[in-house]
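Visitor: I would like to understand how the words used for a protein model are justified. Could you take me through some of them with care?

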Amino acid sequence: MFVITLRFADKIKAPLFMDGHNAWIKRGLDDGVFLLTGSLQPSAGGAILAHNASPEEIEARVQDDPFVAEGIVSAEILTITPGHTDERLAFLKD
């Protein structure tokens, strides 16, 4: 399981690449890799909860984000090994 943070480095260029970034997010959700995406407050960037991929696959996927490729955000990938979970998230321990 992974927590990915995307912190703004250059907000000025963000509108130029927003459509591509949103398509990248949709692809991650459609592929079943992204479980949740959202904004870091206040207006600091975004965060993604991901699973069902290897660390190498996550790294490659993150590098494919137009925001990352264009230097609009800096990405950090945290790997989490789920221990205790609410029963609704038990599938993450598999």
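Visitor: Which residues does His21 touch, not counting residues up to four places away in sequence?

Guide: Please keep in mind that this is a predicted model. In it, His21, which has its place in helix α1, touches Leu6, Asp65, Pro66 and Phe67 when residues up to four places away in sequence are not counted.

Visitor: What makes the link between the side chains of His21 and Asp65 a polar contact?

Guide: The side chain of His21 meets the side chain of Asp65 at 2.8 Å, and a polar contact asks for a pair of N or O atoms within 3.5 Å, one able to donate a hydrogen and the other to accept it.

Visitor: Why is His21 called buried?

Guide: The relative accessible area of His21 is 9%, and the word buried applies under 20%, so His21 is buried. Helix α1 also has other buried residues, among them Ala14, Ile25 and Gly28, and what covers the buried residues of α1 includes the strands β1, β2 and β3 as well as the helices α2 and α3.

Visitor: How do you know that the length of helix α1 agrees with what one should expect?

Guide: Helix α1 runs over residues 14–30, and at 1.5 Å a residue its 17 residues should span 24 Å, while its end C-alpha atoms are 23 Å apart, which agrees. The helix also bends by about 30° at Gly20, and just after α1, Gly32 takes a positive phi of about 80°.

Visitor: How many aromatic pairs are counted here, and what makes the rings of Trp24 and Phe34 a pair of a particular kind?

Guide: The count comes to one aromatic pair. The rings of Trp24 and Phe34 have their centres 5.2 Å apart, with their planes at 65°; since rings pair if their centres lie within 6.5 Å, and planes over 60 degrees apart count as edge-to-face, this pair is edge-to-face. The pair links distant parts of the chain, with Trp24 in helix α1 and Phe34 in strand β2, 10 residues apart.

Visitor: Are Trp24 and Phe34 buried or exposed?

Guide: Trp24 has a relative accessible area of 1%, and is therefore buried, and Phe34, with 4%, is buried too.

Visitor: Which charged end sits over the ring of Phe34, and how do you know that the distance allows it?

Guide: It is the charged end of Arg61, which lies 5.7 Å from the centre of the ring of Phe34, and the rule asks for a distance within 6 Å, together with a position within 35 degrees of the ring normal. Arg61 belongs to helix α2, and its side chain makes a polar contact with the side chain of Asp31 at 3.1 Å.

Visitor: Why is Arg61 called buried, whereas Glu59 is called partly exposed?

Guide: The relative accessible area of Arg61 is 19%, and buried means under 20%, so Arg61 is buried. Glu59, which also lies in helix α2, has 38%, a value in between the limits of 20% and 50%, and it is therefore partly exposed.

Visitor: What makes Asn52 exposed, and what is noted about its phi?

Guide: Asn52 has a relative accessible area of 61%, and exposed means over 50%, so Asn52 is exposed. This residue, placed in the loop between β3 and α2, has a positive phi of about 60° although it is not a glycine.

How values were computed:
Residues numbered from 1 in each chain as written. Predicted model: local features only at pLDDT ≥ 70, side-chain atom pairs only at ≥ 80, totals over all residues. Heavy atoms only, no water. Helix = DSSP H or I, 4+ residues; strand = E, 2+ residues; numbered from the N terminus. Expected span 1.5 Å × (residues − 1). Bend = angle between axes of the 7 residues up to and from the residue. Buried < 20%, exposed > 50% of the residue type's maximum accessible area, 1.4 Å probe, protein only. Contact = heavy atoms within 4.5 Å. Phe/Tyr/Trp six-rings, centres within 6.5 Å; stacked < 30°, edge-to-face > 60°.
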